[in-house]
Amino acid sequence: MKAGIFNHVQIKVKDLRNSRRFYDPIMNALGNNVVLEIKNVVVGYGTSVHDMFEIRQATEEAPLSQSVHLAFNATDIKMVDIFYSVAIENGAKCNGKPGLRSEYEEGYYAAFIIDPDGHNVEAVYSPN
């Protein structure tokens with residue numbers, strides 16, 4: 001079996017509890033469940049601990065992540081739309097409403113939001 005490019009990706013957040021309230025419904029809308037949790041330290045979402053996105057409480061030893069762009073795959077256009085709606089309902093700022101982005105590639109449909117820590121988070125569906 002060929003491994004994907006990532007095992008996991010982690011960002012450090014200001015307030016893990018607040019970020020978890022934000023990311024739980026968004027990750028659920030994208031079909032990702034909690035697959036790792038170390039109480040008050042880190043939460044991982046994905047399909048397994050070898051295919052996940054983590055949010056970790058920032059500390060002096062693990063400083064807050066800055067200016068991160070995250071793009072999550074969606075299985076269809078409807079999932080992108082749901083991601084965007086759920087994110088906005090949970091306090092995200094719009095950084096690009098759902099729509100085609102032909103400048104990236106033919107059929108590229110995406111939505112962009114800003115999370116509580118200022119990260120640019122995208123959901124994308126691409127038929128290619």
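Colleague: Happy to look at this predicted model with you! How much space lies in the second largest pocket?

Modeller: Good place to start, and please keep in mind that the model is predicted. Among the residues lining the second largest pocket are D15, R17 and E37. The space in the second largest pocket comes to about 190 Å³.

Colleague: Which element provides the largest share of the lining of the second largest pocket?

Modeller: Let's go through the contributors. Helix 1 (16–29), strand 2 (33–38) and strand 3 are the elements that give two or more residues to this lining. The largest share is three residues, and the element that provides these is helix 1.

Colleague: How many residues in the lining of the second largest pocket are charged?

Modeller: The lining includes R20, K39, N40 and Q57. It divides into four nonpolar and two polar residues, and the number of charged ones is five.

Colleague: Thanks! What is the volume of the largest pocket?

Modeller: That pocket is lined by 25 residues, and the closest to its centre are F6, D51, A71, F72 and N73. The volume of the largest pocket is about 660 Å³.

Colleague: And how many residues of the lining of the largest pocket are nonpolar?

Modeller: Here one residue is charged and nine are polar. The remaining group in the division is the nonpolar one, and its count is 15.

Colleague: Which strand gives the most to the lining of the largest pocket?

Modeller: Strand 3 (42–48), strand 4 (51–57) and strand 5 (69–73) are the elements that give two or more residues to that lining. The top contribution is five residues, and the element behind it is strand 5.

Colleague: Let's turn to the sheet. Which strands are at the edges of the open sheet of four strands?

Modeller: The pairing in this open sheet is mixed, and the strand order is 5-8-7-6. From one strand to the next, the twist averages 15 degrees. Each edge strand pairs on one side only, and the two edge strands are strand 5 and strand 6 (93–100).

Colleague: Which residue in strand 8 is the bridge partner of H69?

Modeller: Strand 5 and strand 8 (residues 120–125) pair over five bridges, in the parallel sense. The bridge partner of H69 in strand 8 is N120.

Colleague: Last one: what angle does the direction of helix 2 make with that of strand 7?

Modeller: Helix 2 (residues 77–89) packs on the sheet, where it touches strand 6, strand 7 (109–114) and strand 8. Between the directions of helix 2 and strand 7, the angle is about 15 degrees.

Definitions and conventions: Residues are numbered from 1 along each chain as its sequence is written. This is a predicted model: local features need pLDDT of at least 70, side-chain atom pairs count only at pLDDT 80 or more; totals for chains, interfaces and linings use all residues. Side-chain values use heavy atoms; hydrogens and water are left out. On a 1 Å grid over the protein atoms alone, a cavity is a set of points where a 1.4 Å probe fits but cannot get out, and a pocket is an open set with protein on both sides within 12 Å along at least five of seven lines; lining residues have an atom within 4 Å of a point. Grid points are joined across faces, edges and corners, and a volume is the space filled by probe spheres set on the points. Ala, Val, Leu, Ile, Met, Phe, Trp, Tyr, Cys and Pro count as nonpolar, Asp, Glu, Lys and Arg as charged, and the others, Gly among them, as polar. Two strands pair if DSSP finds at least two bridges between them. Axes are lines fitted to C-alpha atoms, for helices over the stretch in contact, and angles run from 0 to 180 degrees between N-to-C directions. Contact means heavy atoms within 4.5 Å.
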